[in-house]
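Reader: I'd love a close look at one single part of this model. Please take me through its burial, its partners and its side-chain contacts, with your cut-offs as you go.

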Amino acid sequence: MSMKLKVEPLTADDFAPFGEVISTATARDTYKINLGTTTRFHDISRVDVGDQGGQPIISIFRGTPRTKPIEIKMMERHPLGSQAFMPLMGQKFLIVVASGTDTPTPDTLRAFISDGTQGVTYAKNVWHHPLLVLEPDSDFLIVDRSGPGENLNEVDLPLVDGAVITLDWV
């Protein structure tokens with residue numbers, strides 16, 4: 001027996017307790033630039049990295065799929081800064097988060113799936129699973145924090161009835 005965590009479609013409202021969805025639909029303003037040839041989807045997500053002298057950085061992560069069934073054994077958080085993930089190749093990916101700031105427990109977990117046009121910004125101090133890709137060599141643009149201070153906490157999740165938590169999606 002194992003606990004199967006149901007995966008929900010990613011929406012801005014459902015994800016709001018954990019951060020922000022990144023998409024053209026979440027732009028706080030939209031307007032034409034470059035002599036009208038480009039639409040700017042302005043201010044789609046906020047970066048919060050300034051604690052203890054942190055600076056924003058941009059990186060690319062290349063993920064590979066995990067063995068199925070995908071097991072959720074651990075979670076991490078970044079207490080000094082937010083962390084944004086945006087797929088670069090239109091690929092769907094899975095997102096697992098936990099509510100609250102205490103050590104996550106299985107009953108605090110929620111799982112989402114991006115439609116491939118959506119990214120996420122995990123708010124500062126939100127528990128989340130490391131990158132969960134569904135296709136080989138999936139590239140993501142990452143905006144997060146560089147600087148002094150301890151900005152990574154990791155915890156192992158407890159077993160549920162002697163088994164690890166797995167993801168349930170179609």
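Author: Happy to! Let me call a residue buried when it has under 20% relative accessible area, exposed when over 50%, and partly exposed in between, using a 1.4 Å probe and protein chains only. On that scale, buried residues make up 42% of the 170 residues in the protein.

A word on the ground rules: this is a predicted model, where local features need pLDDT of at least 70 and side-chain atom pairs count only at pLDDT 80 or more, while totals for chains, interfaces and linings use all residues. Residues are numbered from 1 along each chain as its sequence is written, and side-chain values use heavy atoms, with hydrogens and water left out.

The protein has one helix and 16 strands; these are DSSP runs numbered from the N terminus, with at least four residues for helices (H or I) and at least two for strands (E). The part I'd pick for you is strand E10, residues 109-113. Four of its five residues are buried, so E10 is mostly covered.

Next come its neighbours, where two strands pair if DSSP finds at least two bridges between them. Strand E1 (residues 4-9) pairs with E10 in the parallel sense over three bridges, and Pro9 stands opposite Ile113 there. Strand E9 (residues 93-98) runs antiparallel to E10, joined to it by five bridges. Here Ile95 stands opposite Phe112. As general background, side chains in a regular strand alternate between the two faces of the sheet.

Phe112 deserves a longer look. For aromatic pairs, rings of Phe, Tyr and Trp (its six-membered ring) must have centres within 6.5 Å; planes under 30 degrees apart are stacked, over 60 edge-to-face, and the rest tilted. The whole structure holds seven such pairs. One of them joins Phe15 and Phe112 edge-to-face, at 5.6 Å centre to centre with 80° between the planes. This contact links distant parts of the chain, as Phe15 belongs to helix H1 (residues 12-15) and Phe112 to strand E10, 97 residues apart. Both Phe15 and Phe112 are buried. They also belong to one aromatic cluster, together with Phe18, Phe61, Phe85 and Tyr122.

Finally, for the setting of E10, the C-alpha trace of the protein spans about 60 × 40 × 30 Å along its principal axes. Its radius of gyration is 17 Å, which agrees with the value near 15 Å for a compact globule of 170 residues; the radius is taken over C-alpha atoms, and the globule rule is 2.2 Å times the number of residues to the power 0.38.
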